Amino acid sequence: MTETAAPVQRPDARARIDTLADDGSFVEFGSQARHHVTAFGLADKRPDGDGVVTGTVTVDGRPVALFAQDPTALGGSLGEVHAQKIAMVQDKASRGRIPVVGLLDSGGARIQEGVAALDGYAHIFHRNVRSSGRVPQISVVLGPCAGGAVYSPALTDIVIMARDRAHMFVTGPKVVKAVTFEDVSLADLGGADVHSTTSGVAHLVADDAEGALELTRRVLSYLPSSAWEEPPLAAPVPPEPMPEIPTDHRQPYDVRDVIRGIVDGGSMLELSEAFARNIVTSFARMDGRPVGVVANQPSVLAGCLDIAASEKAARFVRLCDAFGLPLVVLVDVPGFLPGTGQESAGIIRKGAKLLYAFSEATVPRATVILRKAYGGAYIVMNSRNIGADAVYSWPGAEVAVMGAEGAVDVLYRRPIAEDPSSRPEYLAKYRAEALRPDLPNEILSVDETIEPGDTRRVLLGTLNAVRGSLEPGYRHDNLPQ
């Protein structure tokens, strides 16, 4: 007797909605919408809903506009009516000032509909941009997302991918093979691991659809329904113990342990964790209130800023500022990453994005210098004179144009060349004159030196003191970096 293979289970768009939404909260519209195309045999293929399920739901009691592409109906391909339904979801979100969530699983543009399908994408992209910075937009990629379809997620605030089925690319493996003669798999070309580690497109990755939808609920819990509302509150939770970090500035440590010693326990939700790992960007809560945390990561590239880190942090800062999340910035940075590769790739203009983002921000924001802040990187990381509400330092932290090792080779190059044994003397001289920890305090570049154990208390007091300065409302868009 010949065994037959088990039928492939196709994803159910409505089941996905039920997983995300509060029980019984889904209100559908457009369930009977269908295309009117007769060419290429489509007259006999007119499924109700036209390959996308649309409506509104509540998530943790808060209203959300939502669409879920249905791969069981015309492959979830996008045609004119399909696009109209998504545009209606976006319009409802904009008018109601509520978040919009898209569950993406589509074969791409419906080829049989030609330019009408392409125009459909244009309608969606235009609304993505109009809503940017006004209502949170979250793209959850649960299956294929190819060609023009990828630009809508790129325009949204957060991209979440399911590792088991999701992939995103502008041109697929067959086109790549035809043009470049390169054999590449779907996963290697545009899978979740590629976009979470190399391209930086995906902010969060889950193993499967269920995990991705749970991450969606978590993201929504940090964001307000719109720029005109305050972020949602949660019950305060005590932080984890503050770790001791090495006093030797050249010794690495994991800055995430410091973050956990400041924010509410269990509240960290790190974005783009595997991309540009030399900087950490994370949602968290302090005393139950959502905040955004930006921190140099000394365990990767010594915490240097480079192009990828600058762009990653800049968009996160703009996201938090757009939706009213105060910013906590933890600094331990030796400078910008040197080298011809960085310079020729545009570190000047791309590093300036982070400088611009912090300078533009209007939300309450406080900085803590943990061990060191040198050169232009000190300025860029939310320093006093680009608008920080307060800057604190831990005991022994150094702020200077550069570290002692590099500085003495510039200042005392000739005497050291004549007598190499004098280098330790000049190092001690530079540290005593230029790296005194109290020097930044004397000129108010640093407000106060605080003990590590007091960091949470001091930051809470600072953020609460200036919280009243922030008026809910539209501030700016969240331009892709």
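In which helix is Leu411 found? In this predicted model, Leu411 belongs to helix α14, which covers residues 404-411. The side of the story that faces outward is a good place to start. Leu411 has a relative accessibility of 52% and therefore counts as exposed, since the cut-off for that class is over 50%. Together with Val401, Met402 and Val410, Leu411 makes up a nonpolar patch on the surface. The accessible area of these four residues together comes to about 390 Å².

From the surface, the description can turn to the interior. Across the whole structure, three cavities of 30 Å³ or more are found. The largest cavity has a volume of about 110 Å³, and 13 residues line it. Of these, Gln69, Leu104, Tyr121, Ala149 and Ser152 lie nearest the centre of the largest cavity. Two or more lining residues come from each of the elements β3 (62-69), α3 (115-131), β6 (144-146) and α4 (151-155). The lining of the largest cavity is made up of 10 nonpolar and three polar residues, with no charged residue.

The second largest cavity holds about 90 Å³ of space. Its lining has 14 residues, and those nearest the centre are Phe67, Asn128, Ser139, Ser152 and Thr156. Ser152 thus appears among the residues nearest the centre of the largest cavity and also among those nearest the centre of the second largest cavity. At least two residues of the second lining are supplied by each of α2 (80-96), β4 (100-104), α3 and β5 (137-141). Strand β4 gives the most, with four residues. How does the lining of the second largest cavity divide into nonpolar, polar and charged residues, and how many are in each class? There are seven nonpolar residues, seven polar residues and no charged residue.

Strand β5 also holds Gln137. With a relative accessible area of 2%, Gln137 is buried, because the class takes in values under 20%. In sequence, Gln137 and Ile158 are 21 residues apart, while their C-alpha atoms are 6.8 Å apart in space.

Two aspartates deserve a look for their backbone geometry. Asp50 has a phi near 55 degrees, a positive value in a residue other than glycine. This residue sits in the loop between β1 (27-29) and β2 (52-59). Is Asp50 buried or exposed? At 0% relative accessibility, Asp50 counts as buried. Asp60, likewise not a glycine, has a positive phi of about 55 degrees. The place of Asp60 is in the loop between β2 and β3, and with a relative accessible area of 48% this aspartate is partly exposed.

Asp60 also leads into the charged contacts of the model. Side chains of opposite charge can pair when their charged atoms come close. A search of the whole structure gives 27 salt bridges. In one of them, the side chain of Asp60 meets that of Arg217 at 2.7 Å, N to O. Here distant parts of the chain are linked, as Arg217 lies in helix α8 (residues 209-222) and Asp60 in the loop between β2 and β3, 157 residues apart. Arg217 counts as buried, at 16% relative accessibility, whereas its partner Asp60 is partly exposed.

Another salt bridge joins Asp193 and Arg163, with the closest N and O atoms 2.9 Å apart. Asp193 is part of helix α7 (residues 192-197) and Arg163 of the loop between β7 (158-162) and β8 (167-169), so the pair ties together parts that are 30 residues apart in sequence. Asp193 is partly exposed, with a relative accessible area of 40%. Arg163 also counts as partly exposed, at 38% relative accessibility.

A further pairing is found between the side chains of Glu442 and Arg436, which meet in a salt bridge at 3.5 Å, N to O. Glu442 is exposed, with a relative accessible area of 52%, whereas Arg436, at 30%, counts as partly exposed. Beyond such pairs, Asp254, Arg256, Glu270 and Glu273 are joined into one network by salt bridges that share partners.

Methods. Residues numbered from 1 in each chain as written. Predicted model: local features only at pLDDT ≥ 70, side-chain atom pairs only at ≥ 80, totals over all residues. Heavy atoms only, no water. Patch = residues over 30% accessible without salt bridge, like charges linked within 9 Å, V, L, I, M, F, W, Y side chains within 5 Å. Areas by Shrake-Rupley, 256 points an atom, 1.4 Å probe, with all protein chains shown as cover. Buried < 20%, exposed > 50% of the residue type's maximum accessible area, 1.4 Å probe, protein only. 1 Å grid on protein atoms, 1.4 Å probe; cavity = no way out; pocket = protein on both sides within 12 Å on 5 of 7 lines; lining within 4 Å. Points joined across faces, edges and corners; volume = space filled by probe spheres on them. Nonpolar A, V, L, I, M, F, W, Y, C, P; charged D, E, K, R; others polar.
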